[in-house]
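Trainee: Got a minute? I'd like to go through this structure with you.
Mentor: Sure, let's pull it up.

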Amino acid sequence: MRIYVDGDACPVKAEVLKVAERYQVPVTIVSNGGLRPSRDPMIQHVIVPHGADAADDWIAEHIGAGEIAITADIPLASRCLERQARALGPTGKEFDAHNIGMALSMRELNQHLRETGESKGYNKPFDAKDRSSFLQALDRLLAKAV
């Protein structure tokens, strides 16, 4: 069991580490760089080359069945599910076989609306409620898995 964090823009890295420590689950944070390495032996930092999907590709290639990906990237969540892993967004939303298709479709629709100028594409600000929901969701996932 391992948690993989899509680390470049993840707002809940500290929360992941807090919950993972409680359950003694190792964490791999994957990014293009710029993150301070940890001395904690349970935390691995992987620096990938710069590129649009380099971190996503690394996670999708290394994650295994039953492991957990923390990502806001819906296509990456889908790729992780294909490998029988779990995927959790930073707001606490778990992606699964029942909702990933709709999430991918909505992402594509919103992208189309932004490209045509129909939508400005502003995202709701990340807030304390999102952080709390994430903590609860990750705790539930790990409690079931460990």
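**Cysteines and a helix pair**

Mentor: Start with the disulfides. This is a predicted model, and the disulfide count comes to zero.

Trainee: Why no bond for Cys-10?

Mentor: A disulfide needs two cysteine sulfur atoms within 2.5 Å. The closest cysteine sulfur to that of Cys-10 is in Cys-80, 13 Å away, so it is too far for a bond.

Trainee: And what about Cys-80, which sulfur is closest to its own?

Mentor: That of Cys-10, at 13 Å, again too far for a bond.

Trainee: Is Cys-10 buried or exposed?

Mentor: Cys-10 counts as buried, because its relative accessibility is 9% and the cut-off for buried is under 20%.

Trainee: What's the relative accessibility of Cys-80?

Mentor: It is 0%, so Cys-80 counts as buried.

Trainee: New topic. At what angle do α1 and α5 pack?

Mentor: About 25 degrees, with the axes 10 Å apart. Helix α1 covers residues 13-23 and helix α5 covers residues 128-145.

Trainee: Parallel or antiparallel, roughly?

Mentor: Roughly parallel. Angles under 35 degrees count that way.

Trainee: Left-handed or right-handed crossing?

Mentor: The crossing of α1 and α5 is right-handed.

Trainee: Which residues make the contact?

Mentor: From α1, Glu-15, Val-16, Val-19, Ala-20, Arg-22 and Tyr-23. From α5, Arg-131, Phe-134, Leu-135, Leu-138, Asp-139, Leu-142 and Ala-143.

Trainee: How many of those are nonpolar, polar and charged?

Mentor: In the contact of α1 with α5, nine are nonpolar and four are charged, with no polar ones.

Note on methods
Residues are numbered from 1 along each chain as its sequence is written. This is a predicted model: local features need pLDDT of at least 70, side-chain atom pairs count only at pLDDT 80 or more; totals for chains, interfaces and linings use all residues. Side-chain values use heavy atoms; hydrogens and water are left out. Buried means under 20% relative accessible area, exposed over 50%, partly exposed in between (1.4 Å probe, protein chains only). Axes are lines fitted to C-alpha atoms, for helices over the stretch in contact, and angles run from 0 to 180 degrees between N-to-C directions. Helices (H or I, at least four residues) and strands (E, at least two) are DSSP runs, numbered from the N terminus. Angles under 35 degrees count as roughly parallel, over 145 as roughly antiparallel, 65 to 115 as roughly perpendicular and the rest as oblique. A crossing is left-handed if the near helix is turned anticlockwise from the far one by less than a right angle, and right-handed if clockwise. Contact means heavy atoms within 4.5 Å. Ala, Val, Leu, Ile, Met, Phe, Trp, Tyr, Cys and Pro count as nonpolar, Asp, Glu, Lys and Arg as charged, and the others, Gly among them, as polar.
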